[in-house]
Amino acid sequence: MIYISYSVQDISLLCKAKIFAGTSDEMIHQIVLDSRKSSPVHHSLFIALKGPHHDGHNYIKELYEKGLRNFMISNDDIHYIHFPEANFIRVENTLSAFQTIARNHRKKFSIPVIGITGSHGKTIVKEWLSSCLKGLFNISKNPKSYNSQTGVALSILGIKQEAEWGLFEAGISQTNEMVSLEKMIQPSLGIFTNIGDAHSKNFTTIKAKIEEKLHLFSSV
């Protein structure tokens with residue numbers, strides 16, 4: 001979970017969403033992605049992400065019974081009458097909406113940010129730079145190797161007011177992914193570690209893979 005400060009109405013307007021049931025003035029301070037890690041539940045928002053092997057919408061009933069009252073959904077088949085105390089923020093795509101919240105948070109900071117990508121060594125380089133800079137600056141960075149579409153969003157939302165530098169790694173496994181990561185990270189400096197065979201099956205050539213990764217630095 002990560003700390004934020006938005007009302008349900010704020011998130012609805014930011015994500016161009018509709019609110020069903022509940023009250024729009026409820027404040028949100030925590031985002032929950034994993035139904036197994038839903039405590040504390042008060043002022044928390046569960047984002048029902050969909051993946052090839054899971055669907056967060058399947059856990060709404062369980063979380064409601066635990067006391068969670070705010071949900072971001074993309075399914076139309078939710079029976080709101082069964083959740084009379086809940087707020088439902090209905091969006092077209094929950095991952096995109098989650099990333100929109102992260103992009104909005106990033107805009108609040110004018111700190112220098114180093115974006116790191118490549119086939120190997122991203123986390124090692126990030127941690128090495130962090131070790132070099134932490135005695136001089138307050139550093140914000142991805143925890144561990146949180147460099148995926150959700151991992152980067154979580155990492156960006158973790159930037160705190162005292163941050164002076166950002167170090168964020170970005171990993172992709174197919175085309176059209178880096179554009180979303182670049183919009184969240186918005187690096188002012190860039191590091192390309194190397195290029196190799198990791199996650200190559202969805203790219204036609206090495207050149208195509210390189211070009212996709214270079215989108216991280218399109219605004220640098």
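**Side-chain interactions in the predicted model**

In this predicted model, H105 counts as buried because its relative accessibility is 9%, a value that falls under the 20% limit for that class. The residue H105 belongs to helix α3, which spans residues 94-106. When neighbours within four places in sequence are set aside, the contacts of H105 are with Y6, I156, L157 and I159.

Charged side chains were examined next. Over the whole structure, the search returns nine salt bridges, among them two that lie within helix α2. In one of these, K61 is bridged to E65, with the closest N and O atoms 2.6 Å apart; both residues are located in helix α2 (residues 60-66), where a spacing of four residues corresponds to about one turn of the helix. Both K61 and E65 are exposed. In the other, E62 is bridged to K66, and here the closest N and O atoms are 3.5 Å apart. Because E62 and K66 are likewise four residues apart in helix α2, about one helical turn separates them. With regard to solvent, E62 counts as partly exposed because its relative accessibility is 34%, and K66 is also partly exposed, with a relative accessible area of 44%.

A further salt bridge joins E127 to K141, the closest N and O atoms being 2.6 Å apart. Since E127 is situated in helix α4 (residues 122-133) and K141 in strand β8 (residues 139-141), this pair ties together parts that are 14 residues apart in sequence. The residue E127, at 28% relative accessibility, counts as partly exposed, and K141, with a relative accessible area of 29%, is partly exposed as well. The bridge between E127 and K141 does not stand alone, in that salt bridges with shared partners join K126, E127, K141 and E169 into one network.

Aromatic side chains form a second group of interactions, for which the search of the whole structure finds seven pairs. One of them is formed by F83 and F88, whose ring centres are 5.7 Å apart and whose planes make an angle of 65°, an arrangement classed as edge-to-face. It is classed in this way because the angle between the planes is over 60 degrees. Both partners are buried: F83 has a relative accessible area of 10%, while F88 is at 0% relative accessibility.

Another pair, formed by F137 and W165, is tilted, with 5.9 Å from centre to centre and 55° between the planes. This pair links distant parts of the chain, as F137 is placed in the loop between α4 and β8 and W165 in strand β9 (residues 165-169), 28 residues apart. The two rings fall into separate accessibility classes, F137 being partly exposed with a relative accessible area of 31% and W165 counting as buried at 18% relative accessibility.

Beyond individual pairs, one aromatic cluster is formed by F20, F46, Y64, F71, Y80, F83 and F88, and the edge-to-face pair of F83 and F88 described above therefore has both of its rings within this cluster. Another member of the cluster, Y64, is also approached by a charged side chain, as R69 lies over the face of Y64 at 3.9 Å from the ring centre.

Methods:
Residues numbered from 1 in each chain as written. Predicted model: local features only at pLDDT ≥ 70, side-chain atom pairs only at ≥ 80, totals over all residues. Heavy atoms only, no water. Salt bridge = Lys/Arg side-chain N within 4 Å of Asp/Glu carboxyl O. Buried < 20%, exposed > 50% of the residue type's maximum accessible area, 1.4 Å probe, protein only. Phe/Tyr/Trp six-rings, centres within 6.5 Å; stacked < 30°, edge-to-face > 60°. Lys NZ or Arg CZ within 6 Å of the ring centre and 35° of its normal. Contact = heavy atoms within 4.5 Å.
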